[in-house]
Amino acid sequence: MFEGYSLAELGSIFAMQGFAGLILFSVFVLMALGLAIIFGQMGVINMAHGEFMILGAYVTYLCSTLVSQHAPALFPFYFFVAMALAFVASGLLGMLVEWGMIRFLYKRPLDTLLATWGLSLILQQIFRSVFGAREVGVVLPDWLMGSVAVTDSIEVPINGLFVMALTIAITVVIYVVMFRSRWGQGVRAVMQNRTMAGAVGINTEKVDRYTFGLGCGIAGVAGSAFTMVGSTGPTSGQLYIVDTFLVVVFGGAQSLIGTIASAFTISQAQSTMEFFLSGSTAKVLTLLTVVAILMLRPQGLFVLKVRR
Amino acid sequence: MSSDKTNGGLRSPFRRKLLLGMAALPAVGLLTRNAAAQALATDAVNTTKLAVTDSTVKVGILHSTTGTMAISETGSVQAEKLAIAQINEMGGVLGRKIEVIQEDGASDWPTFAEKARKLLVEDKVAAVFGCWTSASRKAVLPVFEQYNGMLYYPTFYEGLEQSKNVIYTGQEATQQILAGLDWVSKEKGAKSFFLIGSDYIWPRTSNKIARKHIEKNGQKVVGEEYFPLGHTQFNSVINKIKLTKPDVIYASVVGGSNVAFYKQLKAAGINLEKQTLMTISVTEDEMLGIGGENIAGAYACMKYFQSLKNPNNEKFVAAFKKMWGGESVIGDVTQAGYLGPWLWKLTAEKAQSFDVDKIAAASDGIEFTGAPEGYVRIHANHHLWSKTRVGRARMDGQFDMVYETADLIEPDPFPKGYQ
């Protein structure tokens, strides 16, 4: 497939392909971070993760419509406000769900699978009733669209760069919150030994609620960011859920580093194979590889060393 | 699979029923009451125990109003209801008002089959307007054939099917593909094509036909790619497109993937004003989700655009917006959905009967001059003669028609040399 191309042309294509892999990596990390907290740290199999993302996307849609109608001058900057609101909306809904449903199921982790799956169906139907069955178009500020020409022949999509920057920022914030703050210490204590954590005076119920809210809030931000690359409709959340679980499980459910490493492996494998093979074959090979590795290492790539 | 054979099998029972009906006529004439003075007696128009009374006739609407496909099927439901409301205003069919029983296929193919059975067996509807995906049509087809129902199917589809019990009001693949490819070759001097689609039967069959046609014309296919339904990351394939530099990107990506594909094309710096892209899967409905700014400049090959300028269409668009709100848009399939009830009405009037066998036999040659897309006619193979049109996407989510075939294109569900 490379006959008739100069070395320079091939060089630029490979450079762009490298960026494509990095962008896919960022997208994977962004969608998996929220779930890594909820599933990895709390052990709740949250099938409604995609719907929390889409809630964020709808918040972005509302913002874009409101701002373009009432304050067109602010339009170039609305996206940041939208992401913050998406975090708040999904986070609050997450806390509500934790209070109303999840907290009764901590001792029955497999039941959370069914309960949250039901929740995802309910949310989908609510989206459909409120926003209509059709997909909505989120209008983005012009500066987010288009590409930067690095050289004459290398072009990098701006929204891809934006997702990358956002992913790095959120990862850093989560790292600080979970591993460098007193609150994060509390969260980790509760996850490792709930009874003991309660005994030393940590309000475990409150920690649970906020952790779940944080995970959902991050899903909301991810959903908001994905309006740049994907669709916004009642069932769009379903497009992300499989890849999200794949990344988290493959990385080793309890390890945030594992999530990042697994997102990197899967995204690079997939984007390289997509380039050289056809799209469907690439997906099949990626999934097969993941299954094979999980058979050898059922605990995933990285494991926390905990005394059992 | 020839239609002659089906008709041959019908002939004798058909004639017998016709005679029966004629025999009943004089007796019925005595019974007619004032309101039904011109209408035919129920016994005469309904010899197979369908849900027909002296003043009403029941039909079914079977689409997904919940689940993933609700996005696409909502428009068809709206169009069918509009057509039925208009027909009722004009006095109904054979003097009987149409009553609708609506069932939800819930985007689930076994559910479609179950609901189809319910409509035919319990409700005994005279006709069903419904289905959208090929998978749902394939699921209900045995039910319609077993219980001898009549289905009006609105979606453009891959062809390779023909049934006495189905009228296909959308285009089969060759009607949608060939004229469009010829136009883009002539107009843009295209020599090389990159085919990209979602991975299921319709894009694969369509691209198979497209590839044969392209190669027959001495042009080249430089890439053919399929992605799983719901795929959202197209950066790698976009790089591949950049590498192969095709004259035309030929796209049949559907659903949520569609939005991702066009957004990422634009973000990757591919300007559709310069790079020719032709799609057979984007109508005004999909444009809502994609956003006009992300797809403006692309060409779509359809048989109908909301912006068509003819008196029929202007009336249709106005009536549609009056019934379903000024914001609503009308895509190709929505218009094809609108044709269903009208074609059924015209056929029933020609056959002077609601009996499915008579409707099936009378369908050949039915003409509908009031179609928003312009004049259409039913072919003996139960598909429609219709024009192929190419539209160019605008920023505001509408299309400007840039080309239409001079004549109606003959439907050819089993194209020779393309399989």
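This is a short dialogue on reading a predicted model, with chain B, its contact with chain A and one helix of chain A as the cases.

Colleague: How many helices and strands are there in chain B?

Modeller: Chain B has 14 helices and 15 strands. Its radius of gyration is 22 Å, close to the 22 Å from the globule rule for 419 residues, so chain B is as compact as a globular protein of that length. Along the principal axes, its C-alpha atoms fill a box of roughly 80 × 45 × 40 Å.

Colleague: What percentage of the residues in chain B is buried?

Modeller: Of the 419 residues in chain B, 55% are buried. As for contacts, take those between residues at least 6 apart in sequence: 71% of them join residues at least 24 apart.

Colleague: Which elements of chain B give two or more residues to the side that touches chain A?

Modeller: Start with the totals: 35 residues of chain B and 38 residues of chain A take part in the contact. On the side of chain B, the elements giving two or more residues are α3 (70-89), β7 (220-227), α8 (235-244), α9 (256-267) and α10 (284-290). By class, that side has 13 nonpolar, 15 polar and seven charged residues.

Colleague: How should I read a helix, and what span should helix α2 of chain A have?

Modeller: In general, an α-helix has 3.6 residues a turn, so residues three or four places apart point the same way. Helix α2 of chain A covers residues 49-70; at 1.5 Å a residue, its 22 residues should span 32 Å, and the end C-alpha atoms are 32 Å apart, which agrees.

Colleague: Is α2(A) mostly covered or mostly uncovered?

Modeller: Mostly covered, since 16 of the 22 residues of α2(A) are buried.

Key:
Residues numbered from 1 in each chain as written. Chains lettered and ligands numbered in written order. Predicted model: local features only at pLDDT ≥ 70, side-chain atom pairs only at ≥ 80, totals over all residues. Helix = DSSP H or I, 4+ residues; strand = E, 2+ residues; numbered from the N terminus. Rg over C-alpha atoms; globule rule 2.2 N^0.38 Å. Buried ≥ 20, exposed ≤ 12 C-beta atoms within 10 Å, placed from the backbone. Contact = placed C-beta atoms within 7 Å. Nonpolar A, V, L, I, M, F, W, Y, C, P; charged D, E, K, R; others polar. Expected span 1.5 Å × (residues − 1).
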